Amino acid sequence: MVELIIVFLGAGLFYSFFVIPTKWLKVERVEVPLGISKKILQLSDLHVERNRIRLEQIRELLVREKPDYIFITGDFTAREKYIPRMKPYLSLFQEYGKVVYAVFGNHDYRTEALPHQLRSWLGENGVKVLINESIEFDDFTLIGLDFYKEEDGDVEKAFKGVKNQKLKVVLSHDPNDFLRVEKPFDLMLSGHLHGKQFNVPFFFKFISKGKLARKGIYKGLHQMDGSYLYISKGMGQAHWNLRFGVRSEVTVLSLNGGEKGR
């Protein structure tokens, strides 16, 4: 009997500490002082094969927040067979009446065929994937940096034709791109680091995720060199469908937080 109680207690603790954070969605509301009255809903790291966020949670968020734009910053899935699992989310966005803009992450390149199938399927379901290219909106220019560095000129290609007069918002899965983009921009939205996913000391001392993570910049809003960087903790999980001390996240960014902070 004692052994059985210990087993149930251990299972309960494991569920509480490692599974509940993957289901208990955190809505981060962030003010970015860029001086325009626009609201962005950012989703990152969906990892649909390891995602416990209920569709109804996203539906309620859309109704409540009424975002002007929906952006996804990479890592949809790592396998072709899981692509259809995104359909309920994308149908919801189509029901809401918004085109979704996105970039690919490292997991979206896990197989040679995956990015081609994924881009085609996403396009058919209302998602425009930006592969080192830009789109002009009324108030700002959206620039998408692809995770796969096919050539040294990917940044040049992405910024080609971008006008300096408008605000510039960059989508890039890897926040370390903040350090290599020498073109002027105002805000970069990223993911990739999952806010550690397992919030233990010195995590990024043992797992290499780039200069920013080693410096302790792995989640939230940061201002550096006159530009802003936001790093999402992501919706889904990589490798293990578990989190510790880090809840799954979607982000609502308001860009009208005062005058443009320069």
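A nonpolar core is taken here as a set of buried Ala, Val, Leu, Ile, Met, Phe, Trp, Tyr and Cys residues joined through side-chain atoms within 4.5 Å. In this predicted model, the largest such core comprises 31 residues, of which L43, I58, M86, F93 and L122 touch the most other members. At least two residues of this core come from each of several elements, both helical and extended. The helices are helix 2 (55-65), helix 3 (87-96) and helix 4 (114-124). The strands are strand 2 (39-43), strand 3 (69-73), strand 4 (100-103), strand 5 (127-129) and strand 12 (249-254). Another core, of 23 residues, lies apart from the largest one and has L34, I36, L142 and Y230 among its members.

The surroundings of L43 were examined further. When neighbours within four places in sequence are left aside, L43 is in contact with I70, F71, I72, T73, F93, M235 and V250. One of these residues, F93, is listed with L43 among the core members that touch the most others.

Strand 12, a contributor to the largest core, is mostly covered, with six of its six residues buried. Both of its faces are covered: E249, T251 and L253 are buried on one side, and V250, V252 and S254 are buried on the other.

Strand 12 also pairs with two other strands. With strand 1 (residues 26-31), strand 12 runs parallel, and six bridges join the two; within this pairing, E28 has T251 as its bridge partner. Strand 2 and strand 12 run antiparallel and are joined by four bridges, with S254 as the bridge partner of K39.

Conventions: Residues numbered from 1 in each chain as written. Predicted model: local features only at pLDDT ≥ 70, side-chain atom pairs only at ≥ 80, totals over all residues. Heavy atoms only, no water. Buried < 20%, exposed > 50% of the residue type's maximum accessible area, 1.4 Å probe, protein only. Contact = heavy atoms within 4.5 Å. Pairing = 2+ DSSP bridges.
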